[in-house]
Amino acid sequence: MLSRNSVPLVTVELHRSRQGSGTTVFDYGSPFTGIKHAEVSTSDGNSFVALIDGKSTATFVRGSDLSSVRFQDGTAIPVVGSTEPALIDQMTTLFNQMVSSGATGCATPCKAMLPSVAVWHAEYAEIVKIAIVSRGGAKKNLEKVGSQELPSVLLQQDREVADAFQC
């Protein structure tokens, strides 16, 4: 979750199985326009369906140009916008890293996002507080993080942080 002055900007939550199915949930805060809640699901890691603010898209495949994705009724999906263009650039980078990773579990896309998170932490430290929430032990998480200059890494047993924030 990215937040500024304790107000959430965006929450990205990955739920993946070892078989390749999963859902990624995006909740956008007040600086964002166009979409407030999106859930992108896959059963095989290659074809996807999104539920955007309660409206379902047609199936699209990995690598699709997002401007070509349509709702089931054929209308275009809204574009995520912001009064702060730098946030959109960083979110686009983050999303592209997740989609292009092709991982069936969270470890690879999460690790791919660490450089972006480190940049956000460095560039926006004055206005944004970033915390990484992970499961597992401290040693395992230190191995994941490596030498990245990252914000706080908070450890949980299962999904208690997501449950507490109802996401």
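I will walk you through two strands, the nonpolar cores and one buried asparagine in this structure, which is a predicted model.

Let me begin with strand β3, which spans residues 22-28 and is mostly covered, since five of its seven residues are buried. Strand β3 is joined by six bridges to strand β5, residues 37-42, and the two run antiparallel. If you would like one position to look for in that pairing, threonine 24 stands opposite valine 40 in β5.

Valine 40 also brings us to the largest nonpolar core, which has 17 residues, and Val40 is among the five that touch the most other members, together with Tyr28, Phe32, Ile52 and Phe60. The elements that give two or more residues to this core are β2 (7-16), β3, β5, β6 (47-52) and α1 (85-101), and β6 gives the most, with three residues.

Phenylalanine 60 deserves a moment here: leaving aside its neighbours within four places in sequence, this residue is in contact with Val40, Asn46, Ser47, Phe48, Val49, Ala50 and Val69. There is also a second, separate core of six residues, and Leu114, Trp120, Tyr124 and Ile130 are included in it.

Finally, let us turn to asparagine 141, which lies in helix α3, residues 138-145. Is asparagine 141 buried or exposed? Its relative accessible area is 5%, and because the cut-off for buried is under 20%, asparagine 141 counts as buried. Beyond its neighbours within four places in sequence, asparagine 141 is in contact with Ser134, Arg135, Gly136 and Leu155. Of these partners, leucine 155 is 14 residues away from asparagine 141 in sequence, while the C-alpha to C-alpha separation of the two in space is 8.6 Å.

Notes
Residues numbered from 1 in each chain as written. Predicted model: local features only at pLDDT ≥ 70, side-chain atom pairs only at ≥ 80, totals over all residues. Heavy atoms only, no water. Buried < 20%, exposed > 50% of the residue type's maximum accessible area, 1.4 Å probe, protein only. Helix = DSSP H or I, 4+ residues; strand = E, 2+ residues; numbered from the N terminus. Pairing = 2+ DSSP bridges. Core = buried A, V, L, I, M, F, W, Y, C linked by side-chain atoms within 4.5 Å. Contact = heavy atoms within 4.5 Å.
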